[in-house]
Amino acid sequence: MSVATVTLHERLRAALPNAGISLRTNPGPSGQHSLLVDAADLPDVCRFLRDTPDLTFDFLSNVSGVDWPDPAKADAVAAPAAGEGSAPPTGGFLEVIYHLYSTRRRIGPLVLRARTIDRATRVQIPSVVAVFRSAEFQEREIFDLYGVEFTGHPDLRRILMWDEFVDHPMRKDYVAPDDYEYEPTPHAAVLEKAQRHYVQP
Amino acid sequence: MISDPATSLTSAVLAPGADDDQLLHVSLGPQHPSTHGVFRMNVVLDGETVVRLKPVFGYLHRNHEKIAEGTSYLASMPYTDRLDYICPLSNNWAYAQAVEKLAGIEVPERAEFIRVILGELTRLINHSAFAGFILGDMGAWGSALMYAFREREKILDIFEELTGARMMANFMRFGGCRNDLPEGWSAKVSRLVDDYGPFLDEMEKFLVGNEILLSRTLNVGSLPREVLINGGITGPMLRAAGVPYDIRKVDPYGIYERFDFRIPLGATGDCYDRIMIRFLEMRESLKILRQALDHLPDGPIIHPKAKIRNFIEGPKGELGFHLISDGTTRPYRYRIRPPSFINLTLIEDMCLGLDLADVVIILGSIDIVLGEVDR
Amino acid sequence: MNTQSSSTTKPPPPPAKWSVPGIGLLKGMVVTAKNMIQSYYRKERMTTVQYPEERVPISPNFRNFPFLCYDGEDPKAGLRCTACTICETECPPQCIYIVIERDENGKSLKRPKVFDIDVSVCMNCGICAEVCPFDSIYMDGEYELSTQDRFNGLLFHLDRLSKPADYHLKLRPVEAGEVAVRRKAEVDKKRAVQAAKEAKAQTDKDKATPEPITKGEPA
């Protein structure tokens, strides 16, 4: 069963007047709307959703990271609802999307979004591990692959890549390395790349 | 009942203690038969007792999500086979369904029936293989696994006849299935469904009363329900603890609401319950298969011819694909919610205070596949 | 089929009691003994096949690595492939490599100069066969491909990939039969169109009218 995101938005605004929550609509056939939450308010919103007796969103199923170098694209996928005057972001940013379910009321998903300020240094988002343990490895994965720093995470290390790795491979501007072992494949591009990397004496 | 399920781990265990020089650090894996692939656990032992356990991932990491974001939607389908290679068809199904929701494609009824049949056969494969593997973890290497694989092989032959490959099926398509059933295929499945019940009887006779199995699994690795839900545990692991959460019932996808089946629930969620739940689920799968085979309609198998997230109840838990489209032929964001990976979240909590030998059983009862954990 | 959903839950199995110590073990051993003894005379208990003396017949749907189909006797002249490179673009692991044969003006001759498939990269998905609009590329059933040369032995060139249409017919009678019928119909249609055109040209010539020849094909 799907969640009435619009009514829930009203409810959250009334209950948490200080939290920055805005409704984002999805124009596609799926129509999965979402709530854009200010990063700083995210743990409070999650805790409210989990602990309020008639909401009981007790199950954080999924945490996805998204890289938006072009903020206009982000708004095309999750458009600001009518009447919600949100200032258009100027630069690119990283986004983390949370999918919440209620195992008791058997409804979901409730989609929450949180955005970093930019893609370079101000990439902090408060961790929700203290509210939902299931975020532990998923936040580590997003830290690893996207470079979002989850403040308050108990054990924020790389998880899929090795510890010495420097870049964040899922970012859109990531450049794939060319230092792999060359094997004769039908593709000249592979050979060219390998030859560029291993300069012949 | 604990106050906040998210803080089930005591921080004292997480932080290094003062008497660390008395502890034994063991690196369990990555090449170890009980780790079900290349997977490592850094275990800290006090004598034989586990005081800390940190899983280490990434040995099989190939960044499937990045590859998928660089190719067309269809080209990712064969890669989904390789996520959880024990049950490729449920991965196919989840991905196909996600794209169908994204694009608003309808699936013909016959294709839905075929998908249910394949999905439940996959569940049989996964759970039988699980029964064999966990016995192997307990030291009964051989008989149980061979019996389970013998039956699995019969299903794989059926898959090969339909899809062309035993494991890397690449069969589901957006809006249906790739090809229609070959001549006599459903009769073969029907015979298999008839024969599977006796096999399960035999397997249960083989295992259920076994004193070694009981002493290795009873009251091992159970956690409170709230902690499991909070930790994102899904699938048979969660239902073994008595939480009636199965997406086939909670949010029926495909045509599952038409079938008459039940969701087996365990009581305590220990390793014994996790094994038994899978046996009971296989029997329910047989029921669904029987109904689906009896009512298989004729008709087309594929529909003639944003942002979405879609879940199915995979054999290992909640398998999800999260797709974001920007209108081009390639997905802008392609994310998998891998059940094996997230089910490992609480492995430390489950193992603390138990013996090292129990770690192997607990890991076995989680039923992971590293192709999916590392993606 | 029951459309009404019955209760979703079922009580858990009662844990087996420790009645007589060791009775569960003994029961399990009976099962093992039964399996062992029956494996000598019951087919469903003894499923091993003594490869390579015995072989399991492969089903028509079985797919392994791609091959290219050609009509007639000459693999070069009869090759159905037109080097459209759809399979090269769609191949998920990018294991196909095609160079289009061109004449001196750079115009495509609609046949491949180079068609390589690296089977050490190929993942047997069959998407190339699915997307091919010219009935050219199909999945093979040959599985004994081990070679001593890890690199060149696993790089299949055009000469090795080309196989006659009869081979396809033997491999997948139903599919190949359908394709053959369809292709024949297409060829017949083309011939009929060609014949009609020629006939029309002839009649036009006979009339010797100054009207320009209509471009549209006759119905």
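**Exercise 1. The interface of chain A and chain B**

Determine how many residues of chain A are in contact with chain B, and describe the side of chain A that touches chain B.

*Solution.*

Step 1. In this predicted model, 50 residues of chain A are in contact with 50 residues of chain B.

Step 2. The area buried between the two chains, A and B, is about 4200 Å², and carbon and sulfur atoms give 54% of that area. Of the area that chain A buries against chain B, 18% is supplied by A:R133, A:F137 and A:L160, which is more than any other three residues supply.

Step 3. Turn to the polar and charged pairs. The rule finds two salt bridges across the interface of chain A and chain B. In a salt bridge between B:E69 and A:K172, the N to O distance is 3.2 Å. There are also 17 residue pairs in polar contact across this interface, both residues being at pLDDT 80 or more.

Step 4. Assign the touching residues to secondary structure. At least two residues each come from helix 2 (42-51), strand 3 (59-68), helix 3 (71-77), strand 5 (93-102), strand 6 (107-115) and helix 4 (135-145) of chain A. Strand 3 of chain A provides the largest share, nine residues.

Step 5. Sort by class. The side of chain A that touches chain B has 24 nonpolar, 12 polar and 14 charged residues.

**Exercise 2. The interface of chain C and chain B**

Carry out the corresponding analysis for chain C and chain B, and state which element of chain C gives the most to the side that touches chain B.

*Solution.*

Step 1. The contact count is 43 residues of chain C and 53 residues of chain B.

Step 2. About 4000 Å² is buried between chain C and chain B, with 55% of it on carbon and sulfur atoms.

Step 3. Two salt bridges are found across the interface of chain C and chain B. C:E130 and B:R173 meet in a salt bridge through their side chains, at 2.7 Å from N to O. Polar contacts between chain C and chain B number 14 residue pairs, both residues at pLDDT 80 or more.

Step 4. Strand 1 (9-10), helix 1 (23-38) and helix 3 (127-131) of chain C each contribute at least two residues to the side that touches chain B. Helix 1 of chain C gives the most, with nine residues.

Step 5. By class, this side of chain C comprises 19 nonpolar, 16 polar and eight charged residues.

**Exercise 3. Chain B and its salt bridges**

Summarise the make-up of chain B, then place the salt bridges of B:R123 with B:E120 and of B:E281 with B:R239 in the fold.

*Solution.*

Step 1. Chain B contains 16 helices and 11 strands. Of its 375 residues, 68% are buried. Chain B exposes about 11300 Å², and 55% of this comes from carbon and sulfur atoms.

Step 2. Side chains of opposite charge can pair when their charged atoms come close. The side chains of B:R123 and B:E120 form a salt bridge at 3.2 Å, N to O. Because B:R123 and B:E120 lie three residues apart in helix 5 (residues 109-137) of chain B, about one helical turn separates them. Both B:R123 and B:E120 are buried.

Step 3. B:E281 and B:R239 form a salt bridge with an N to O distance of 2.7 Å. This pair links distant parts of the chain, 42 residues apart: B:E281 belongs to helix 12 (residues 271-294) and B:R239 to helix 10 (residues 236-240) of chain B. B:E281 and B:R239 are both buried.

Step 4. Combine the pairs. B:E120, B:R123, B:R239 and B:E281 belong to a network of salt bridges that also includes B:D246 and B:R248.

**Exercise 4. A salt bridge within chain C**

Are C:D140 and C:K163, which form a salt bridge, buried or exposed?

*Solution.*

Step 1. The closest N and O atoms of C:D140 and C:K163 are 2.5 Å apart.

Step 2. The pair links distant parts of the chain, 23 residues apart: C:D140 is in the loop between strand 5 (137-139) and strand 6 (155-156) of chain C, while C:K163 is in strand 7 (residues 162-164).

Step 3. A residue is buried when its relative accessible area is under 20%. C:D140 has a relative accessibility of 5% and therefore counts as buried. C:K163, with a relative accessible area of 15%, is buried as well.

Step 4. For context, the structure holds 46 salt bridges over all chains.

Technical notes
Residues are numbered from 1 along each chain as its sequence is written. Chains are lettered from A and ligands numbered from 1 in the order in which they are written. This is a predicted model: local features need pLDDT of at least 70, side-chain atom pairs count only at pLDDT 80 or more; totals for chains, interfaces and linings use all residues. Side-chain values use heavy atoms; hydrogens and water are left out. Contact means heavy atoms within 4.5 Å. Buried area is the accessible area (1.4 Å probe) that two parts lose on being put together, summed over both. A salt bridge is a side-chain nitrogen of Lys or Arg within 4 Å of a carboxyl oxygen of Asp or Glu. A polar contact is a pair of N or O atoms within 3.5 Å; within protein, one must be able to donate a hydrogen and the other to accept it, and residues adjacent in sequence count only if both atoms are side-chain atoms. Helices (H or I, at least four residues) and strands (E, at least two) are DSSP runs, numbered from the N terminus. Ala, Val, Leu, Ile, Met, Phe, Trp, Tyr, Cys and Pro count as nonpolar, Asp, Glu, Lys and Arg as charged, and the others, Gly among them, as polar. Buried means under 20% relative accessible area, exposed over 50%, partly exposed in between (1.4 Å probe, protein chains only). Accessible areas come from the Shrake-Rupley method with a 1.4 Å probe; for residues, only the protein chains shown count as cover.
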